[in-house]
Structure formats: structure tokens, C-alpha cells
Amino acid sequence: HVYTTLAASTANQYGALEALALPRKYVDRMRNSYDERRKLTLKLLQNTPSLHVEVEPEGAFYILPRIATKEKSTPFVHRMLQKAKVLMVPGNEFGRYGDGFVRISYATSKEKIKEAFERLREAGF
């Protein structure tokens, strides 16, 4: 288990080497795409009363907002999944200091990000 989850496989390492050999424009295009989705997610979070962003990410593919109601992460995420059909990762999965936060990935399309936040709004989050 450790060797398949904590380190990149040999095939992935060779793939990474090939990716590094690509022209810079491909990296720039992907970075710009992530930045657009990061900005969209942050904007949508501003209109989500149950979640508050304390620190904006600068180089990740996820955001870790605080649960505004001071609710524990796991029950909040379960309630969100049941009511809005939106899945987030409970912050306590990243250690005890993560409780009270949720992890939102924006490594998906803008359309799916918008849909998720629309579901949250409709469910009262």
C-alpha cells in the first residue's frame, strides 16, 4: 500500500519526464487554466455563507475554507453530500487542526464548479 500511495509509480515518473520536455506554452496554458478555476471558486465562495476563506491559495488545486458555523468537518460534509449532492473532503482528514475546515478541489471543469455551488446555494449552504 505504501508504495502505491506515497510515491509516483515508475510509469508516472516517465510520463512526468516527457511532460517536462514539452514546450513551455503547455505549462503556461495549464497554469492559467488552474488560476481561472481558482479565481472562480474563490468568487463563488464569497456568496456561500456557510464557508469562509481565511487564506487564498497561491499554488494549489484546492481551497481550505473554514466552516462558518463552527461545525465539525465530518458531519458538515455528510450533511452537504446528503442535501446538495456535493462532495468535499473533511478537513480533519489532514490532521486534528483541520477540523472545522473542508477541502474543495478545483481540478475539474468550470461548469462542474458552477454546478456544485449552485447546488450548495439551493440547499441553503
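What volume does the largest pocket have? In this predicted model, the answer is about 260 Å³. Here's a look at that pocket, the second largest one, and a small sheet.

The lining of the largest pocket takes in 15 residues, and those nearest the centre are L87, I104, S105, T108 and A116. Two elements each give two or more residues to this lining: the strand β5 (102-105) and the helix α5 (110-122). The largest share is from α5, with 5 residues.

What about the second largest pocket? Its lining is made up of L44, N47, T48, P49, K114, F117, E118, L120, R121 and F125. Here α5 again turns up as the element that gives the most, with 5 residues.

The two pockets, side by side:

| Pocket | Volume | Nonpolar lining | Polar lining | Charged lining |
|---|---|---|---|---|
| Largest pocket | about 260 Å³ | 10 residues | 3 residues | 2 residues |
| Second largest pocket | about 160 Å³ | 5 residues | 2 residues | 3 residues |

Now for the sheet. β5, which we met in the lining of the largest pocket, also belongs to an open sheet of 3 strands, ordered β2-β5-β4 and paired antiparallel. At the edges sit β2 (62-63) and β4 (89-90), each pairing on one side only. How many bridges join β4 to β5? There are 2, and the two strands run antiparallel. If you want to spot one of the contacts in the structure, go to P90: its bridge partner in β5 is V102.

Notes:
Residues numbered from 1 in each chain as written. Predicted model: local features only at pLDDT ≥ 70, side-chain atom pairs only at ≥ 80, totals over all residues. Heavy atoms only, no water. 1 Å grid on protein atoms, 1.4 Å probe; cavity = no way out; pocket = protein on both sides within 12 Å on 5 of 7 lines; lining within 4 Å. Points joined across faces, edges and corners; volume = space filled by probe spheres on them. Helix = DSSP H or I, 4+ residues; strand = E, 2+ residues; numbered from the N terminus. Nonpolar A, V, L, I, M, F, W, Y, C, P; charged D, E, K, R; others polar. Pairing = 2+ DSSP bridges.
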